[in-house]
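Here's a walk through one chain, taken a piece at a time. Keep the model open beside you as you read.

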Amino acid sequence: MWQRKSKGHRLLKLAIISFLVVLISWIPVRIAIAKIQAPQPQAILTLGSWLDREYFTAQFATKHPNIDIWVSSGTPPEFASQIFRAFSIPESRVHLDYRAVDTITNFTTLIDDFKSRKIQHLYLITSEYHITRAKAIATLILGSQGIIFTPISVPSDEPSESWFRILRDIGRSLLWIFTGRTGASLNSHFEAKFSI
């Protein structure tokens, strides 16, 4: 009887692992399809910060005058708007969004906006120290929705982020793919406990 239960548990584990592998393997397929359908970026997504990323984005956007800009939870709107106005970028092109509370939600809160506008390719702008974690998250979250990205890094003197933060957010991205939850409420708990 013990052998039957043990064999049943192994089969269940194998079935779950197989299901997860199949489910995750469709991300590269969706990415490949998006690359064919949208070889050039159709919008700019900036992971907001304090002035530097928005300023860089405004400069960058002047070279790409036909695409809209999304800034996720960055500089307060009164300052961000001034930056874009200084570069003569029309307000109609700029979408300031303050729903995100962290890097994971920078992506998850905007997915529906991009999908409703049929955006399949983004310029992804963030600081150089943050780009590795942002790319890992974007590959999973955007890729799972058939959206690809071209990363652009803003020069920074900050040291690169720790592998703990990157691996933690890969786990949180997978959690979102499978459950629709980001684990954002756990983020501050982990930051305090494992600040690296």
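**Starting from helix H6**

Helix H6 is mostly covered, with 11 of its 14 residues buried. Keep in mind that what you're looking at is a predicted model. The buried set in H6 consists of Ile-131, Arg-133, Ala-134, Ala-136, Ile-137, Ala-138, Leu-140, Ile-141, Leu-142, Gly-143 and Ser-144. If you're tracing that pattern along the helix, recall that an α-helix has 3.6 residues a turn, so residues three or four places apart point the same way.

How does the length of H6 work out? At 1.5 Å a residue, its 14 residues should span 20 Å, and the C-alpha atoms at its two ends sit 19 Å apart, which agrees. There is also a kink of about 30° in H6, and Ala-138 is at its centre. Just after the helix comes Gly-146, with a positive phi near 75°.

Now step outward to what flanks this helix. H6 (residues 131-144) joins with S4 and S5 in a right-handed β-α-β unit. The two strands of that unit pair with each other in the parallel sense, over 7 bridges. To find your place along that pairing, look for Leu-124, whose bridge partner in S5 is Pro-151.

How enclosed is S4? Of its 7 residues, 7 are buried, so the strand is largely enclosed by the rest of the structure. S4 also pairs with S1, again in parallel, through 4 bridges. Here Ala-43 has Leu-122 of S4 as its bridge partner.

Put together, the strands form an open sheet of 5, in the order S3-S2-S1-S4-S5, with parallel pairing. Strand S3 (94-97) and strand S5 (148-154) are at the edges with a single partner strand each, so each has one side left without a neighbour in the sheet. Neighbouring strands are turned by 20° against each other on average, if you ignore direction. As a reminder, strands of a sheet pair through backbone hydrogen bonds, either parallel or antiparallel.

Over at the S3 end, strand S2 (residues 68-72) runs parallel to S3 and is joined to it by 4 bridges. Val-71 is a handy marker there, with Leu-96 of S3 as its bridge partner.

Two more helices pack against these strands. Helix H2 (residues 52-62) lies across strand S1 (43-47), S2, strand S4 (121-127) and S5, and runs at about 140° to S4. Helix H3 (residues 77-86) lies across S2 and S3, at about 160° to S3.

For a close-up, try Thr-46 in strand S1. Is Thr-46 buried or exposed? With a relative accessible area of 0%, Thr-46 counts as buried. Beyond residues up to four places away in sequence, Thr-46 touches Arg-53, Thr-57, Trp-70, Val-71, Ser-72 and Ile-125. One of these contacts, Val-71, is the residue bridged to Leu-96.

Finally, head to helix H1 (residues 2-37), where you'll find Arg-30. Arg-30 has 34% relative accessibility, which means that it counts as partly exposed. Which residues does Arg-30 contact, leaving aside neighbours within four places in sequence? They are Gly-143, Ser-144, Gln-145 and Gly-146. That brings you back to the end of H6, where Gly-143 and Ser-144 are among the buried residues. As for Ser-92, 62 residues along the chain from Arg-30, the C-alpha atoms of the two are separated by 30 Å.

Conventions
Residues are numbered from 1 along each chain as its sequence is written. This is a predicted model: local features need pLDDT of at least 70, side-chain atom pairs count only at pLDDT 80 or more; totals for chains, interfaces and linings use all residues. Side-chain values use heavy atoms; hydrogens and water are left out. Buried means under 20% relative accessible area, exposed over 50%, partly exposed in between (1.4 Å probe, protein chains only). Contact means heavy atoms within 4.5 Å. Two strands pair if DSSP finds at least two bridges between them. Axes are lines fitted to C-alpha atoms, for helices over the stretch in contact, and angles run from 0 to 180 degrees between N-to-C directions. A crossover is right-handed if, with the strands pointing away from the viewer, the path from the first strand over the helix to the second runs clockwise. The expected span of a helix is 1.5 Å times one less than its number of residues. The bend at a residue is the angle between axes fitted to the seven residues ending there and the seven starting there.
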